[in-house]
Amino acid sequence: MKKTISALLAAATVAGSLVAVAPAAKADGGRIAAGVAGGLIGGALLGGAIAASRPAPAYGYGYAPAPVYVEPECRVVRQRVWDEYRGVWRSRPVEVCN
């Protein structure tokens, strides 16, 4: 949409400047100035139409699917360990993940 508006504004600017200059430039009865003005306006309109017809880039538009975070299945179990300092078996919590 921005490209189309920009193209139309550019065409209007060029047309306005050529219309203002056209009465002063009387080369070949004014037919050349009118042809140049028509060509510039037509080219601007055609360029704006081509620019507007192209598909928008994939990035920046729409939403990407949400990422799926799969956490490992973990659980806390009691594990028996030998305590060297005291010389006894003790149990401690250990996290075990699959």
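This is a short talk on one disulfide and a small group of side chains around a tryptophan pair.

Keep in mind that the model is predicted.

Let's start with the cysteines. How many disulfides does a search of the whole structure find? The count is 1. Cys74 is joined to Cys97, with the sulfurs 2.0 Å apart. For the chemistry, a disulfide is a covalent bond between the sulfur atoms of two cysteines. Now the geometry. The angle about the S-S bond is 105°, and the link of Cys74 and Cys97 is right-handed.

Which parts does the pair tie together? Cys74 lies in strand S1, residues 74–83, and Cys97 lies in strand S2, residues 88–97, so the link ties together parts that are 23 residues apart in sequence.

Are these cysteines buried or exposed? Neither label fits. Cys74 has a relative accessible area of 33%, so it is partly exposed. Cys97 comes out at 42%, and that also counts as partly exposed. The partly exposed range runs between 20% and 50%.

Next, the aromatics. The structure holds 1 aromatic pair. Trp82 and Trp89 make it, with ring centres 5.4 Å apart. Why is the pair called edge-to-face? The ring planes of Trp82 and Trp89 stand at 70°, and over 60 degrees counts as edge-to-face. Trp82 has 41% relative accessibility, so Trp82 is partly exposed.

Stay with Trp89 for one more contact. What sits over its ring? The charged end of Arg80 does, 4.8 Å from the ring centre. So Trp89 pairs with Trp82 edge-to-face, and Trp89 also has Arg80 over its ring.

That's the tour. Questions, please.

How values were computed: Residues numbered from 1 in each chain as written. Predicted model: local features only at pLDDT ≥ 70, side-chain atom pairs only at ≥ 80, totals over all residues. Heavy atoms only, no water. Phe/Tyr/Trp six-rings, centres within 6.5 Å; stacked < 30°, edge-to-face > 60°. Buried < 20%, exposed > 50% of the residue type's maximum accessible area, 1.4 Å probe, protein only. Lys NZ or Arg CZ within 6 Å of the ring centre and 35° of its normal. Disulfide = S-S within 2.5 Å. Helix = DSSP H or I, 4+ residues; strand = E, 2+ residues; numbered from the N terminus.
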